[in-house]
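Student: Could you take me through one part of this model at close range? I would like to see how the open sheet is put together and what packs against it.

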Amino acid sequence: MNLLFLGDVIGSLGCEFVASKISGIKKEYDIAVTVINGENSANGNGVLPQSAKFLLANGADVITTGNHCYKRREMHALYDKSKFILRPANFPAGNPGRGVCVYKAGEAKVAVVSLMGTIYMDALDNPFDTMDKIISELETPNIFVDFHAEATAEKKAMGHYLAERVTGVLGTHTHVQTADEIILKEHTAYITDAGMCGAELSVLGVEIENAVLKMRLHSPFRLTESANPAFINGVVVDFDEKTGRARSIKRLIIR
């Protein structure tokens, strides 16, 4: 069975480009489950009900998020309502939504976990302890984790910590696809960052000039979504749905 995972979708350009290409990707790779990180899918970052519903209507089975998940208050009710739009599981209890879902693909059950790192990020609950609890409660061996984290070391550590215990640990947040895809302990597909879906000639999806000025001058400049041609970054994971063992992980770059 094949799972498609796409990195952070950036604004309307990223959403529309994904929508235009996803059916072809699914057909080419015989995709059974599609997971998309949608936490930047609204223009101006964050996620809105419109952008989340657009991705679900155009090929996503599950949407994961990250540190911008609660930036738009309009999303709070939708997190509670939808089983397949996730916020990071290690946000404290009492927040809207859930961090884990189980998607049924044919006869197989595939668990998807949205998880956030804590190094250089918000001080959430310990993601390692959170995963221990989640794994103990799941009744399927097919477990994919979107680990939304800043520090590459934290991502690497999580990959090794979960090796043989989950099917995939797929990193997001830094928007730059890494070239370190690997199967850990002959079981767990891992990549430090799947990349992003949005304008390729940009600074992480936003317009170049003001991003450069902001970093160069340390002054506030309004950052807007770049209108340059988009590309798609992601991975395809082939796994044995009976054992949860990943057989291969392939990076995608589609222009």
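Tutor: Happy to; here is a walk through the sheet, its helices and some ring pairs. This is a predicted model, in which local features need pLDDT of at least 70 and side-chain atom pairs count only at pLDDT 80 or more, while totals for chains, interfaces and linings use all residues. Residues are numbered from 1 along each chain as its sequence is written, and side-chain values use heavy atoms, with hydrogens and water left out.

Let us start with the sheet itself. It is open and mixed, with six strands in the order 5-6-7-8-10-9. Strands are DSSP runs of E with at least two residues, helices are runs of H or I with at least four, and both are numbered from the N terminus; two strands pair if DSSP finds at least two bridges between them. Strand 5 (100-105) and strand 9 (182-184) are the edges: each has a single partner strand, so one side of each is left without a neighbour in the sheet. On average, neighbouring strands are turned by 25° against each other, direction ignored.

Now look at strand 6 (residues 108-116) and strand 7 (residues 143-148), which pair in the parallel sense over six bridges. Among the residues involved, Leu115 has Phe147 in strand 7 as its bridge partner.

Two helices come next. Helix 4 (residues 127-137) lies across strand 5, strand 6 and strand 7, and runs at about 160° to strand 6. Helix 5 (residues 152-162) packs on the sheet too, touching strand 6, strand 7, strand 8 (168-172), strand 9 and strand 10 (188-191), and its direction makes about 170° with that of strand 8. Contact means heavy atoms within 4.5 Å; axes are lines fitted to C-alpha atoms, for helices over the stretch in contact, and angles run from 0 to 180 degrees between N-to-C directions.

Finally, the rings. A search of the whole structure finds five aromatic pairs, where rings of Phe, Tyr and Trp (its six-membered ring) pair if their centres lie within 6.5 Å, with planes under 30 degrees apart stacked, over 60 edge-to-face and the rest tilted. In one of them, Phe84 and Tyr103 have ring centres 5.8 Å apart and planes at 75°, so the pair is edge-to-face. Tyr103 sits in strand 5, whereas Phe84 is in the loop between helix 3 (76-81) and strand 5, 19 residues apart. For Phe144 and Phe239, the centres are 5.1 Å apart and the planes at 75°, so this pair is edge-to-face. It joins strand 7, which holds Phe144, to strand 12 (residues 230-240), which holds Phe239, 95 residues apart.
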